[in-house]
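Ready for a little structural practice? Have a look at the model, and then work through the exercises at your own pace.

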Amino acid sequence: MRFEYAPAPESRDVVDIKPSYGLFVNGEFTEGGGTPFKSVNPADETVLAEIACADEADVDRAVQAARKAFETWSALPGSERAKYLFRIARIVQERARELAVLESLDNGKPIRESRDVDLPLVAAHFFYYAGWADKLKHAGFGPDPRPLGVAGQIIPWNFPLLMLAWKIAPALACGNTVVLKPAETTPLTALAFAEICVQAGLPAGVVNIVTGAGATGAAVAGHADVNKVAFTGSTEVGRLIARSVAGTGKKLTLELGGKAANIVFEDAAIDQAVEGIVTGIFFNQGHVCCAGSRLLVQESIQEELLGALKRRLATLRLGDPLDKNTDIGAINSAEQLARIRTLADAGEQEGADRWSPSCPLPDKGFWFPPTLFTGVAQSHRIAREEIFGPVLSVLTFRTPAEAVEKANNTPYGLSAGVWTEKGSRILWLADKLRAGVVWANTFNRFDPASPFGGYKESGYGREGGRHGLEAYLDV
Amino acid sequence: MSENGRLAVRKTYKLFIGGAFPRSESGRSYAVTSSKGDFLANASRASRKDARDAVVAARKAFPGWSAATAYNRGQILYRIAEMLEGRRAQFAGEVAEADGVSARKAGELVDAAVDRLVWYAGWSDKIGALRGAANPVAGPYFNLSTAEPSGVIAVIAPPMGPLLGLVSVIAPVIVTGNTCVVVASERAPLPSITLAEVLATSDLPAGVVNVLTGPTAELAPWLAAHMDVNGIDLTGCPPDLALTCEREAAENLKRVLRPAEESWLAEPRLDRMTTFLETKTVWHPIGI
């Protein structure tokens with residue numbers, strides 16, 4: 001069944017993108033020493049802006065500014081720090097539509113998601129941690145927990161502003177100052193956030209934003225005067241950072257990759273499970289570290305479930321991220337698209353069956369259709385490696401024990417999903433699954449009050465909730 | 001020793017792996033001396049294969065031990081304390097020989113080790129209340145965070161404090177449901193094997209604690225690089241070795257407890273437990 005939709009684009013007029021952006025250091029926008037780079041709209045490959053690139057000297061300036069600001073920021077009463085964070089939360093809400101459009105332009109994600117998921121969560125995260133700033137003595141880390149100092153933070157391109165909020169809000173609430181490096185393909189909302197810091201009257205140097213690629217990130221993590229490193233991104237880079245931090249005494253938290261199993265039992269509510277599977281892997285084009293990229297379906301309902309899933313996938317709308325009816329937006333970069341294609345091709349070569357709904361792709365930009373692989377073996381690359389794209393690998397199981405065995409058969413351990421109507425079975429599986437987040441009869445839910453983070457090679461430390469404070473306190 | 005003219009029957013000190021006391025598969029041993037330099041015994045010099053076997057034993061024990069009730073784990077730690085108390089004189093003798101302290105001081109150190117086990121036994125069913133939470137999310141969802149053990153932990157025991165230091169690094173790791181491979185003090189390994197005899201008779205399931213004796217600088221990097229080890233406590237590593245091990249540990253993102261100044265007689269900090277605990281958060285919709 002096909003539905004006809006008239007175009008319903010969100011207006012671009014709410015954003016005012018400058019032709020070029022500098023680094024945000026010590027409260028001012030400044031030049032960068034590296035070669036500037038361009039940020040591209042992945043939906044049409046047009047250049048959005050030219051971005052300054054921070055070299056080691058720039059990072060050093062930023063760390064020095066943060067170090068100087070730390071003296072006064074950490075000495076402020078918690079109640080004052082709280083009010084700055086509440087201000088930031090309010091300004092994010094006031095400018096939510098602008099930021100959502102900017103995020104969709106820079107990242108390629110559907111406006112429906114940036115508007116209804118990313119931005120509300122960004123504001124909520126600042127509100128949540130604002131409230132902690134003057135209550136740290138009640139957080140269970142002793143009577144007077146101290147901040148660490150300067151936090152070097154490196155964030156990915158999949159949820160640019162949300163990951164910024166996850167990093168900056170708890171760091172500031174605990175009394176740290178930050179040097180944050182956004183991803184090179186999605187720097188624009190972080191730079192808009194710099195303006196928000198100015199609007200909020202945040203003291204200079206408390207938040208510094210240094211744009212650039214891997215070398216800039218390495219300079220941030222490797223700077224001798226950084227006390228804390230927080231990284232969200234690939235397990236591969238996480239390993240390098242853990243190695244570089246060894247012996248320095250810097251506190252480190254890592255939120256890395258995943259290969260989550262989404263387990264569907266024969267007694268599950270099929271329509272709800274189908275929606276959960278779709279949310280699990282096609283939300284944000286599958287650019288989600290906790291995506292439910294391995295569907296484990298009980299053999300007895302495989303045909304029924306896959307039939308319903310394929311019907312549902314045929315109704316997904318891929319295209320203009322700014323169209324309010326779009327379900328699947330653009331792949332963030334040519335590089336990521338190439339990686340997804342390589343892994344999908346490997347799936348075919350290794351013998352799995354590939355299926356996509358009829359799905360015309362726009363001529364320009366980076367696109368990949370929602371894709372399903374059946375007949376997948378645990379040894380296939382598409383069952384083991386994180387694809388970070390809209391590609392679902394389907395495996396089957398017969399018994400609950402087999403489901404657990406297969407679900408845990410990965411070096412990752414970020415998230416998992418369970419679909420069954422039987423309560424005791426949910427709790428049994430929740431116990432057995434080696435993953436930091438277990439969604440039962442739901443998937444991809446996030447909340448600032450809920451700790452998030454992985455087991456095993458998905459990293460360590462938690463973001464969100466009371467647990468999230470620990471990463472930024474000297475405890 | 002030959003009081004009343006009788007030749008004493010000496011003990012052979014072996015490794016403790018999977019609940020059994022094997023010699024090193026390598027057949028190697030090294031001489032252990034007292035603080036005064038007198039020969040005490042030949043301890044096993046564990047090989048890389050022994051370290052791997054110990055990890056296999058610890059992994060095998062993990063599902064059962066981590067699934068045991070917290071109450072049960074607390075009971076077993078308390079049982080270890082009871083058994084240790086019962087062999088107070090033997091341990092005091094070994095500690096006095098190893099560290100050259102007076103008999104009275106050695107007795108106090110054994111007492112402190114017993115008390116430490118009792119302290120940790122009580123944590124088994126309380127740490128979860130501190131580390132877990134029912135989270136008030138903005139939506140109709142049940143959202144519960146609980147603490148879970150990280151898995152198999154390598155523990156590099158401190159060179160000093162052959163009993164109290166050893167107990168102080170093992171107890172926090174296992175009380176929460178982890179299993180471990182311990183590298184005993186290279187200088188004074190004998191109390192670790194005698195402790196293993198206590199563990200073997202305390203209802204502690206085989207493989208929950210495995211003890212290796214031998215050169216720390218050789219054994220620690222093997223465990224730090226082992227891909228089926230989930231965390232490592234570097235307490236007993238000097239700075240250079242700690243750096244090597246922390247780098248190796250990055251390969252599979254092990255949880256790392258770095259060496260820090262610590263008095264074994266002071267009340268412990270919680271990070272010996274919390275470093276090797278994960279937080280799992282479960283969501284479920286609320287509805288009718």
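Here are four exercises with worked solutions on this predicted model.

**Exercise 1.** Work out how many residues each chain gives to the contact, and how much area chain A and chain B bury between them.

*Solution.* Start with the residues: chain A supplies 44 and chain B supplies 36. Next, turn to area. The size of an interface is often expressed as the accessible area that is lost when the parts come together. For chain A and chain B the buried area is about 3,100 Å². Finally, ask which atoms carry it: 49% of that area is on carbon and sulfur atoms.

**Exercise 2.** Count the polar contacts and salt bridges across the interface, then describe the side of chain A that touches chain B.

*Solution.* Begin with the polar contacts: 28 residue pairs qualify between chain A and chain B, with both residues at pLDDT 80 or more. On the chain A side, the elements giving two or more residues are helix H8 (235–245), strand E10 (251–255), helix H14 (423–432), strand E17 (437–440) and strand E18 (459–460). H8(A) provides the largest share, with six residues. Sorted by character, the residues on this side of chain A are 19 nonpolar, eleven polar and 14 charged. Now for the salt bridges: there are three between chain A and chain B. One salt bridge joins A:Arg434 to B:Glu148, and the closest N and O atoms are 3.7 Å apart. That distance fits the cut-off of within 4 Å.

**Exercise 3.** Find the strand of chain B that pairs with E17(A), and give the sense of the pairing.

*Solution.* The partner is strand E10 of chain B, residues 277–285. The two strands run in the parallel sense, and three bridges link them. For a landmark, look for two tryptophans: A:Trp439 stands opposite B:Trp283, which is in E10(B).

**Exercise 4.** Two residues, A:Asn444 and B:Leu253, have a positive phi without being glycine. Where does each lie, and is each buried or exposed?

*Solution.* Take A:Asn444 to begin with: phi is about 50°. A:Asn444 sits in the loop between E17 and E18 of chain A. Its relative accessibility is 8%, so A:Asn444 counts as buried, the cut-off being under 20%.

Now move to B:Leu253, where phi is near 55°. This residue belongs to the loop between helix H9 (239–249) and strand E9 (255–257) of chain B. With a relative accessible area of 1%, B:Leu253 is buried.

Terms used. Residues numbered from 1 in each chain as written. Chains lettered and ligands numbered in written order. Predicted model: local features only at pLDDT ≥ 70, side-chain atom pairs only at ≥ 80, totals over all residues. Heavy atoms only, no water. Contact = heavy atoms within 4.5 Å. Buried area = accessible area lost by both parts, 1.4 Å probe. Salt bridge = Lys/Arg side-chain N within 4 Å of Asp/Glu carboxyl O. Polar contact = N/O pair within 3.5 Å; in protein donor to acceptor, adjacent residues only side chain to side chain. Helix = DSSP H or I, 4+ residues; strand = E, 2+ residues; numbered from the N terminus. Nonpolar A, V, L, I, M, F, W, Y, C, P; charged D, E, K, R; others polar. Pairing = 2+ DSSP bridges. Buried < 20%, exposed > 50% of the residue type's maximum accessible area, 1.4 Å probe, protein only.
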